[in-house]
Amino acid sequence: MSVIAIVALMVIVMLAGGFYVGRARAIGAVNGNTVRLHSLPNYHGYYVAIWTGLPAFLLLAAYGIFGGQAVERLTFSELQREASALNARVDERLLSDAEYEEFRGAALQLRERVNAIGDDMQRLRSARGEERDPARLEQLQQDQREALNAATAAEEAAIARRAELVAAVGSEAEAAGASMRQLAGFELVQAPREQRQLFLSDAMQIANGALSSRESAELNAAARIVARYQDRIRYLVAVLALAFAAGGLLRTRSQVIPDFRARNHVERLITGLLLLSSVLAILTTVGIVFSLLFESIRFFSTVPISEFLFGLQWSPQIALRADQVGQSGAFGAVPLFAGTALITLIAMAVAVPIGLLSAIYLSEYAGPRFRATAKPVLEILAGIPTVVYGFFALLTVGPAIRGLFTWLGFDDVVTQSALSAGLVMGVMIIPFISSLSDDVINSVPQTLRDGSYAMGATRSETITRVVMPAALPGIVGAILLAVSRAVGETMIVVMAAGQGANLTANPLESVTTITVQIVMLLTGDQEFDSPKTLSAFALGLVLFVITLIMNVIALRVVQRYREKYD
């Protein structure tokens, strides 16, 4: 068991002991006459326990979150100091090497040319009317690809030349008898940025006795430094945590007197924790919104927002690497919006009638035994993994639909279609509507039903004219929740509807949705500076706006009808 785990157990024991110490001291301060206490004895115990354990656990949590990063930074700083002489020698070699400077200068000039061509392309894309010149835009795209390939070649040549100089300095240092710590620091500092973290991770794995991606004498030297800093920080945190716990116990124990307002302190602390939780939830939402917004602004600086919102062609395939020739990309998202709306509409056409009628029957007509059996069975549909629904749609529903329409004389029906995905998705979201609507209908006061029956209304009239209007806000909320679930579904659409961005209203054709394209755009080897990848954030922003609009509509419906039945 690690030192931190032992300390955590000791703090828990001290926390429990603090509760009993505070409670016993409060009772002893009034000789057992607890009426003289301002707060109940348990509040005094809670107060002592909280300030015994809270600071220590906050420190342990901070160590768990930031301890590894602190060790990595301290290790990097020490290794950098150890290899400072070798790193300075590399800098001198680079400054005096004419070949490296030539490659680097050429790469910078070519990059400037690439950026200039990109600015010209952006101006042409934003032009309207006679100023648009498709032939000029195509020529600029060709020029940009050529300049980008040349810049990449120059950068790779500069990197290769730099690697030669670094290897030469390393060989000379090893021949001169440099220590392993110096060589480890030299390897770490001179490694590319993406490989530095791997070096430090391997060193930490070796220090912890775990399996690393590779082993070397340099890594072992770095691991010894990592182990030393880990031990120092671990024992420092352990001592401080125990000191905080003991100090909190002694300080709060002395505050326990008959007039001490322990309940007020405890309730203020709980209120503060609740406020902190609320603020964190709000800040998380704000962070998500701003992350989407900032990345979307970067995307719209390259692609006009009008083209994105009203363009009819979606083909974001562009060059992923500088040495790869690709398309310039078309970012008209209307086919994605249409595909999402089509599949959602089909799904809701299946889920809303079946789910709502099921809820009405289970709550108003079914007997207790049938309801106790049918409702759990119906809710099982919500627990089936979406990939199972996808397989069912691909292997059963899709071929069945194709066979049916082929028999009816339609020869161009495909297996992967919007109808197949919508039907299966509708079955999947039936429980979202039926269970929530059932709970809402059951929550309608029985007095409303009794009053309707007293006026001579039948059961059906009572349901349609009294129960359903009273339950309408909750039913609308259940339907909007189901719509959100349908809009956000990905796996069923991928397997049952395909990935083709087709602008069509024909449910028998293959379509795709916003969520599927977001997954496709952010999967695999992607550059997060390219319009292709940034378009995923723009699509996410659109989904956020759609969800916000649905929530506003639901809120308005609830506000309108709640006044009638509260």
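Which residues of the largest nonpolar core touch the most other members? Of the 56 residues in that core, they are Phe308, Trp314, Ile343, Ile429 and Leu539. A nonpolar core here is a set of buried Ala, Val, Leu, Ile, Met, Phe, Trp, Tyr and Cys residues joined through side-chain atoms within 4.5 Å. Buried means under 20% relative accessible area, exposed means over 50%, and partly exposed lies in between (1.4 Å probe, protein chains only).

## What you are looking at

This is a predicted model, in which local features need pLDDT of at least 70 and side-chain atom pairs count only at pLDDT 80 or more, while totals for chains, interfaces and linings use all residues. Residues are numbered from 1 along each chain as its sequence is written, and side-chain values use heavy atoms, with hydrogens and water left out.

The pLDDT is the predictor's confidence in each residue, from 0 to 100. The chain averages 84, and 94% of the residues score at least 70. Among the elements, helix 8 (residues 217–255) has the highest mean pLDDT, 91, and helix 20 (residues 531–565) the lowest, 77. Over residues 319–327 the pLDDT is below 50, and this stretch has 19 contacts in the model beyond near neighbours in sequence. Contact means heavy atoms within 4.5 Å. Helices (H or I, at least four residues) and strands (E, at least two) are DSSP runs, numbered from the N terminus.

## The cores

Back to the largest core: its largest share, 11 residues, comes from helix 20. Leucine 539 touches Phe308, Trp314, Ala333, Leu336, Ile514, Gln517, Ile518 and Leu521, leaving aside residues up to four places away in sequence. A second, separate core has 27 residues, among them Val11, Tyr229, Val237 and Ala241. In soluble globular proteins, nonpolar side chains tend to be buried together.

## How helices 1, 2, 6 and 8 pack

Two packed helices are described by the angle between their axes and the distance between the axes. Axes are lines fitted to C-alpha atoms, for helices over the stretch in contact, and angles run from 0 to 180 degrees between N-to-C directions. Angles under 35 degrees count as roughly parallel, over 145 as roughly antiparallel, 65 to 115 as roughly perpendicular and the rest as oblique.

| Helix pair | Angle | Axis distance |
|---|---|---|
| Helix 1 (residues 3–29) and helix 8 | roughly 0° | within 10 Å |
| Helix 2 (residues 41–82) and helix 6 | about 110° | 7 Å |
| Helix 6 (residues 180–190) and helix 8 | about 95° | 8 Å |

Helix 1 and helix 8 are therefore roughly parallel. On the helix 1 side, the meeting residues include Val3, Val7, Met14 and Arg25, and on the helix 8 side they include Arg234, Tyr235, Leu242 and Arg253. This contact divides into 15 nonpolar, 1 polar and 3 charged residues. For these classes, Ala, Val, Leu, Ile, Met, Phe, Trp, Tyr, Cys and Pro count as nonpolar, Asp, Glu, Lys and Arg as charged, and the others, Gly among them, as polar.

Helix 6 and helix 8, by contrast, are roughly perpendicular. Met180, Arg181, Leu183, Ala184 and Glu187 of helix 6 make the contact with Ala217, Glu218, Ala221, Ile225 and Arg228 of helix 8. Here the split is 6 nonpolar, no polar and 4 charged residues.

Helix 2 and helix 6 are also roughly perpendicular. Phe76, Glu78, Leu79, Gln80 and Glu82 in helix 2 meet residues of helix 6 that include Arg181, Gln182 and Val189. That contact holds 5 nonpolar, 3 polar and 3 charged residues.

## An enclosed helix and its neighbour

Is helix 14 (residues 418–428) largely enclosed or open? With 9 of its 11 residues buried, helix 14 is largely enclosed by the rest of the structure. Its buried residues include Ala418, Leu419 and Met428. They pack against helix 11 (334–365), helix 13 (386–407), helix 15 (430–442), helix 17 (459–488) and helix 18 (491–496).

Isoleucine 346 sits in helix 11 and is buried, with a relative accessible area of 12%. Isoleucine 346 touches Ala418, Leu419, Gly422, Leu423 and Pro507, again leaving aside residues up to four places away in sequence.

## Two residues with more exposure to solvent probe

Alanine 243, in helix 8, is partly exposed at 43% relative accessible area. Asparagine 31 lies in the loop between helix 1 and helix 2 and counts as exposed at 71% relative accessibility. The phi of asparagine 31 is near 55°, a positive value in a residue other than glycine. Most residues other than glycine have a negative phi.
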